[in-house]
Amino acid sequence: MTEDDFMIGLSRDEALVFSDWLHRMMGTADFDELVDRDRAVWSPLYRISGTLETSLAEVFRPDYPVRLQEARNRLLDALGEVGRPTGEA
């Protein structure tokens, strides 16, 4: 790591859920159109996506869907009401 590098720390659950989300979003018309408004953003997106992809052994395990859902549930529990649509319980 050099002085110009920047480190972001994620929990394993955050990394797993974010990696899945990026994998599903990248390549969709809506996502690509949004990012194309500032093409420089592709650079960090590709780096983050690649780092997550090579760091998470869970994605290759047969119980990946279960692990992903458990990670989602823990993150949602920790969020509480943050980001919940009004009126949703």
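1. Leaving aside its neighbours within four places in sequence, with which residues is S19 in contact? In this predicted model, the residues concerned are L52 and L56. S19 itself has its place in helix α1, and S19 is buried, because its relative accessible area of 13% falls under the 20% limit for that class.

2. As to the overall architecture, the chain contains four helices and zero strands, and, when read along the sequence, the pattern is α-α-α-α. The C-alpha atoms fill a box of roughly 40 × 30 × 30 Å, taken along the principal axes. The radius of gyration of the chain is 15 Å, whereas a compact globule of 89 residues would have a value near 12 Å.

3. Two further values describe the chain as a whole. Of its 89 residues, 22% are buried. Among contacts with a separation of 6 or more, 61% are accounted for by residues that lie 24 or more positions apart.

4. The packing of helix α1 against helix α4 deserves a point of its own. Helix α1 spans residues 12-25 and helix α4 spans residues 64-79, and their axes come within 9 Å and cross at roughly 115°. That angle makes α1 roughly perpendicular to α4, because the range of 65 to 115 degrees is the one counted in this way. The crossing in which α1 passes α4 is left-handed. On the α1 side the contact is made by D13, E14, L16, V17, D20 and R24, and on the α4 side by Y64, R67, L68, A71, R72, R74 and L75. By class, the residues of this contact divide into six nonpolar, no polar and seven charged.

5. Within that packing, D13 can be followed individually. D13 lies in helix α1 and counts as buried at 17% relative accessibility. If its neighbours within four places in sequence are left aside, D13 is in contact with A71, R74 and L75, and A71, R74 and L75 are among the α4 residues that make the contact with α1.

6. The packing of α1 with helix α3 (residues 42-55) can be set beside it. Here the two helices pack at an angle of about 120°, with their axes 10 Å apart, and this makes α1 oblique to α3. The crossing of α1 and α3 is left-handed. R12, A15, F18, S19 and L22 in α1 meet L45, I48, S49, L52 and S55 in α3, and the residues of this contact divide into six nonpolar, three polar and one charged. The S19 of the opening point is thus one of the α1 residues in this contact.

7. Which residue in helix α3 is exposed, with a relative accessible area of 53%? It is Y46, whose place is in helix α3 and which is exposed because its relative accessible area of 53% is over the 50% limit. The C-alpha atoms of Y46 and D20, which are 26 residues apart along the chain, are separated by 14 Å; D20 is one of the α1 residues that take part in the contact with α4.

8. A last point concerns the segment before α1, where D4 is found. D4 counts as exposed at 73% relative accessibility. Between D4 and F31, which are 27 residues apart along the chain, the C-alpha separation is 28 Å.

Conventions. Residues are numbered from 1 along each chain as its sequence is written. This is a predicted model: local features need pLDDT of at least 70, side-chain atom pairs count only at pLDDT 80 or more; totals for chains, interfaces and linings use all residues. Side-chain values use heavy atoms; hydrogens and water are left out. Axes are lines fitted to C-alpha atoms, for helices over the stretch in contact, and angles run from 0 to 180 degrees between N-to-C directions. Angles under 35 degrees count as roughly parallel, over 145 as roughly antiparallel, 65 to 115 as roughly perpendicular and the rest as oblique. A crossing is left-handed if the near helix is turned anticlockwise from the far one by less than a right angle, and right-handed if clockwise. Contact means heavy atoms within 4.5 Å. Ala, Val, Leu, Ile, Met, Phe, Trp, Tyr, Cys and Pro count as nonpolar, Asp, Glu, Lys and Arg as charged, and the others, Gly among them, as polar. Buried means under 20% relative accessible area, exposed over 50%, partly exposed in between (1.4 Å probe, protein chains only). The radius of gyration is taken over C-alpha atoms; the globule rule is 2.2 Å times the number of residues to the power 0.38.
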